[in-house]
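Here is a walk through one protein chain, written to be read with the model open beside it. Take a quick look around before reading on.

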Amino acid sequence: MPQLELKPIEVLFLWRLAATGGEAWNKEVKPALEAPARKRLEAARLVEAVKRKPPGGRAAALALSLTDEGWEWLGTHLDADLNTRTPAGVEVFRLFLLGLKRYLDRSDVSLGDLLAPAPAPAPALDGEVAALATRAYYAASGGRPNVRVRLAELRRALPAVPRAALDRALLDLQTRGEATLYRLDDPREIRPEDRDAVFHTPSGEERHVVYLGGRGS
């Protein structure tokens, strides 16, 4: 894969070729590139240029095509910046919509299937959350039981677990005697993230750390 920093106009030029199946006559491609810029893409083996006669034409014209490396570059740079100052971008977008229509017509995929956000995953059951919390605890403690782990660290390790679900799982573990939740008594130990991650017991007391396994739980 060529390691080349492309300018936004050059990226749009490559997308223009892709929008018509990877091939086009140079004189028809908008945005047009000056010869030095086009040759830079050729030197990077992203584009090939050959002269040949167009159908029905008398004189040879320059035909451009995306190489395998060009297709790969685009596939791995879908988020590359595009030039937004040229009206040619509208035409590239229109050509892409036509290509998208052809794809949808021949496939069993709807536009919504392709572009709509995926549905959120089903929330984990409390038992599953307890297992996740246990794994996260031992990952934080280096595999050791009965070691103080901050709830802030535990919550940070489980970003997809809703806070309420994790709190229920911790409370359930404590009720079963498998965990003990403590508060940090020294205010100097309480960091802002500890305040954000605080667990409130049913009686309203604050807890900042948890112990699992061993004599401490």
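What follows goes from the overall shape to the two sheets, the helices around them and a few backbone oddities.

**Ground rules**

This is a predicted model, so local features need pLDDT of at least 70 and side-chain atom pairs count only at pLDDT 80 or more, while totals for chains, interfaces and linings use all residues. Residues are numbered from 1 along each chain as its sequence is written, and side-chain values use heavy atoms, with hydrogens and water left out.

**Overall shape**

The chain has nine helices and eight strands; these are DSSP runs numbered from the N terminus, with helices being H or I runs of at least four residues and strands E runs of at least two. Its C-alpha trace spans about 90 × 40 × 30 Å along the principal axes. The radius of gyration is 29 Å, where a compact globule of 217 residues would come in near 17 Å. That radius is taken over C-alpha atoms, and the globule rule is 2.2 Å times the number of residues to the power 0.38.

Of the 217 residues, 35% count as buried. Buried here means under 20% relative accessible area, exposed means over 50%, and partly exposed is in between (1.4 Å probe, protein chains only). As for contacts (heavy atoms within 4.5 Å), 67% of those with a separation of 6 or more link residues 24 or more positions apart.

**The E1-E3-E2 sheet**

Three strands make an open sheet in the order E1-E3-E2, with antiparallel pairing. Strands E1 and E2 are the edges, each pairing on one side only, and the twist averages 25° from one strand to the next. Two strands pair if DSSP finds at least two bridges between them. Strand E1 (residues 23-25) is joined to E3 by three bridges, and strand E2 (residues 47-52) pairs with E3 over six.

So how enclosed is E3? Six of the six residues of this strand (residues 61-66) are buried, so E3 is largely enclosed by the rest of the structure. In a regular strand the side chains alternate between the two faces of the sheet. In E3, Ala-61, Ala-63 and Ser-65 point one way, with Leu-62, Leu-64 and Leu-66 pointing the other.

**A second sheet**

Another open sheet of three strands runs in the order E4-E8-E5, again with antiparallel pairing. Strand E4 (149-150) and strand E5 (179-182) sit at the edges with a single partner strand each, so one side of each has no neighbour in the sheet. E4 pairs with strand E8 (residues 209-212) over two bridges.

Here are some residues that stand opposite each other in the two sheets:

| Residue | Opposite residue | Strand of the opposite residue |
|---|---|---|
| Glu-23 | Ser-65 | E3 |
| Val-47 | Leu-66 | E3 |
| Ala-49 | Leu-64 | E3 |
| Val-149 | Val-210 | E8 |

**Helices against sheets, and against each other**

H1 lies across E1, E2 and E3, running at about 90° to E3. In the second sheet, helix H8 (residues 163-175) lies across E5 and E8, at about 115° to E5. Axes are lines fitted to C-alpha atoms, for helices over the stretch in contact, and angles run from 0 to 180 degrees between N-to-C directions.

Helix H1 (residues 8-19) also packs with helix H4 (residues 88-106), at an angle of about 35° and with the axes 9 Å apart. On the H1 side, Leu-12, Trp-15, Arg-16, Ala-18 and Ala-19 meet Gly-89, Val-92, Leu-95, Phe-96 and Arg-102 of H4. By class, that contact has seven nonpolar, one polar and two charged residues. Nonpolar covers Ala, Val, Leu, Ile, Met, Phe, Trp, Tyr, Cys and Pro, charged covers Asp, Glu, Lys and Arg, and the others, Gly among them, are polar.

**Loops worth a look**

Thr-20 is in the loop between H1 and E1. Its C-alpha is separated by 7.8 Å from that of Gly-99, 79 residues apart along the chain. Thr-20 is partly exposed, with a relative accessible area of 32%.

Further along, a cis peptide bond joins Lys-30 and Pro-31, with omega about 10°. Pro-31 is in the loop between E1 and helix H2 (35-43).

Which residues other than glycine have a positive phi? One is Arg-45, with phi near 60°, in the loop between H2 and E2. Arg-45 counts as exposed, at 55% relative accessibility. Another is Asn-146, at about 55°, in the loop between helix H6 (126-140) and E4. Asn-146 counts as partly exposed, at 30% relative accessibility.
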